[in-house]
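Let's walk through this chain together, beginning with one helix and working outward. Keep the viewer open as you read.

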Amino acid sequence: MRKLPLIAAGCAVLFASPTIAAEEPVIVKIPRLTVEASGKLAHAAMEACRKQGIQIGVTVVDRSGDAMVVLRDTLAPRITLEISKQKAYTAVNFNAATSAMVDRFTQPFSVGKVEGLVFSAGGVPIEAAGNIVGAVGVSGAATGEQDEACARAGIQAIQFELETAGL
């Protein structure tokens, strides 16, 4: 007869604990930026800078910060590739344009000192239907503002597709 109270207590714990029900999905659907859209965006960003006589490096990353497309214009210095990657990585991880964070992390031991992050203008997150799907980083212009303008021109080239994405 002692087993009956143990079984009852076990059932009470089982029913009282949180359960995986319909309100909590077991998997999460994550929207992804396609390589085709990434390529269109990168080429449009490069073209926007070319129209101003600027040679750039441009990187488009997915929502995890991994590179989807990396381009370097013919005369752009090699270093523009690494800087554009870091700008895109920073923008996607902080979900903000890097221009908005230029003065945010200036203390000696702040997050701004973490390797791989760059807090200068030219990185912009990419959103589709309210979801972050990636970011674009541009480097090579005389100012970060010019880099960012080219990055935004790239996003503008796929803006309609981003707005109408059926997520």
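**Starting from a helix**

In α2, the buried residues are Ala 37, Ser 38, Gly 39, Leu 41, Ala 42, Ala 44, Ala 45, Met 46, Ala 48 and Cys 49. Bear in mind that you're looking at a predicted model. The helix itself runs over residues 35-50, 16 residues in total, and spans 22 Å from first C-alpha to last, close to the 22 Å expected at 1.5 Å a residue. And what sits over those buried residues? The cover includes β1, β2, β3, β4 and α4.

Now zoom out for a moment. The chain has five helices and four strands, and if you read along the sequence they come in the order α-α-β-β-α-β-β-α-α. Of its 167 residues, 41% count as buried. Among contacts with a separation of 6 or more, 62% are between residues 24 or more positions apart. As for the outside, the accessible surface is about 10,100 Å², and carbon and sulfur atoms own 58% of that.

Back to the inside. The largest nonpolar core has 26 residues, and the ones with the most contacts within it are Leu 33, Val 58, Val 60, Ile 126, Val 136, Val 138 and Leu 162. Two or more residues come from each of α2, β1, β2, β3, β4 and α4. Our starting helix, α2, is the biggest giver, with seven residues. Apart from this core there's another one, of six residues, including Ala 88, Ala 91, Val 92 and Ile 132.

Val 138 is a nice place to click. Leaving out residues up to four places away in sequence, Val 138 touches Ala 45, Cys 49, Ile 56, Gly 57, Val 58, Ser 84, Lys 87, Gly 122, Asp 147, Cys 150 and Ala 151. Two of those partners, Ala 45 and Cys 49, are on the buried list of α2, while Ser 84 and Lys 87 are on the buried list of α3.

That brings us to α3, residues 79-94. This helix has 16 residues and reaches 23 Å from its first C-alpha to its last, close to the 22 Å expected at 1.5 Å a residue. Which of its residues are buried? They are Thr 80, Ser 84, Gln 86, Lys 87, Ala 88, Thr 90, Ala 91 and Val 92. Together they pack against β1 (57-62), β2 (67-72), β3 (123-128), β4 (131-139) and α4 (144-157). Ala 88, Ala 91 and Val 92 also turn up in the six-residue core. Right after α3 comes Asn 95, with a positive phi near 50 degrees.

Definitions and conventions. Residues are numbered from 1 along each chain as its sequence is written. This is a predicted model: local features need pLDDT of at least 70, side-chain atom pairs count only at pLDDT 80 or more; totals for chains, interfaces and linings use all residues. Side-chain values use heavy atoms; hydrogens and water are left out. The expected span of a helix is 1.5 Å times one less than its number of residues. Buried means under 20% relative accessible area, exposed over 50%, partly exposed in between (1.4 Å probe, protein chains only). Contact means heavy atoms within 4.5 Å. Accessible areas come from the Shrake-Rupley method with a 1.4 Å probe; for residues, only the protein chains shown count as cover. A nonpolar core is a set of buried Ala, Val, Leu, Ile, Met, Phe, Trp, Tyr and Cys residues joined through side-chain atoms within 4.5 Å.
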